[in-house]
Amino acid sequence: MIIYIKHGDNDQFMVNGNCPVVVLMQYIKTRVGLAESELIDLCDERGVLKFLFQPQNSLESACGLLKARESFIVCVIKRTSDGAYTSVKSLLSSVPPALIETLQNQIDSLEKSRQKQLQIVEALMATSAKTQALSLLKSTKKRKKVTHVNAPDEGQRQTGNRKSRN
């Protein structure tokens, strides 16, 4: 399956998409001169991102996610150190403003989704912590009185200096 990759000043090259996405993305980075640490994705000519950078897509075959003989534009996605998606930039020099706006809207939507997932995880962790605290509190209430090993039983109490009457 052949696809076309557009970048720069309307430059393009062909790529065989019969490979895992991670291999395709590494090849594209090398071909367009990007660092391996850069986060990239491809979008079609309407500006629809393919989200190839997401972990669930990295080992999947590119031919299952992309259409044969279609042209794609290389995009660089910027993230902050805490993982927040901030912006997307097309590597094609002459891009209509509408396409840039479409790309940014998708990244904004992706960030909102990431934030919701973080809130859900935090809520689950807080609920789990509360459940553990309640469980611990209940288990300490259920504990029986601790008896000391060396303490005399009630039937064996010493009478002190009193003489027994026998």
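This is a short tour of a predicted model, with a suggestion at each stop of what to select next.

**Stop 1: helix α1**

Start by selecting residues 21-32, which form helix α1. Its twelve residues reach 16 Å from the first C-alpha to the last, close to the 16 Å expected at 1.5 Å a residue. Now colour Val-21, Leu-24, Met-25, Ile-28, Lys-29 and Val-32, the buried residues of this helix. Where do the buried residues fall when α1 is seen down its axis? They lie within an arc of 135 degrees, so they line one face of the helix. A general rule helps here: an α-helix has 3.6 residues a turn, so residues three or four places apart point the same way.

Next, show what this face packs against: β1 (2-7), β2 (11-16), β3 (39-43), α2 (55-58) and β4 (71-79). Before moving on, click Gly-33, just after α1, where phi is positive at about 80 degrees.

**Stop 2: Val-15 in strand β2**

Go to Val-15, which sits in strand β2. Is Val-15 buried or exposed? With a relative accessibility of 5%, Val-15 counts as buried. Try a distance label between the C-alpha atoms of Val-15 and Tyr-4: the two residues are eleven apart along the chain, and the label should read 6.2 Å. Among the residues Val-15 touches beyond its sequence neighbours up to four places away are Ile-3, Ile-5 and Leu-24.

**Stop 3: the nonpolar cores**

Which residues touch the most other members of the largest nonpolar core? Select Ile-3, Ile-5, Leu-24, Ile-28, Leu-42 and Leu-66, out of 18 residues in that core. Two or more residues come from each of β1, β2, α1, β3 and β4, and α1 gives the most, with five.

Zoom in on Leu-66, whose contacts more than four places away in sequence include Met-1, Ile-3, Leu-24, Leu-42 and Phe-72. Then look for a second, separate core of 14 residues, with Leu-49, Leu-92, Val-95 and Leu-110 among them.

**Stop 4: the cysteines**

How many disulfides does the structure hold? The count is zero. Select Cys-63 to see one unpaired case: the nearest cysteine sulfur, in Cys-19, is 8.4 Å away. Cys-63 is partly exposed, at 34% relative accessible area.

Finish at Cys-75, which is buried, with 0% relative accessibility. The nearest cysteine sulfur to that of Cys-75 belongs to Cys-43, at 3.7 Å. A disulfide needs the two sulfur atoms within 2.5 Å, so this pair does not count as one.

Note on methods. Residues numbered from 1 in each chain as written. Predicted model: local features only at pLDDT ≥ 70, side-chain atom pairs only at ≥ 80, totals over all residues. Heavy atoms only, no water. Buried < 20%, exposed > 50% of the residue type's maximum accessible area, 1.4 Å probe, protein only. Helix = DSSP H or I, 4+ residues; strand = E, 2+ residues; numbered from the N terminus. Expected span 1.5 Å × (residues − 1). Arc of directions from axis to C-beta. Contact = heavy atoms within 4.5 Å. Core = buried A, V, L, I, M, F, W, Y, C linked by side-chain atoms within 4.5 Å.
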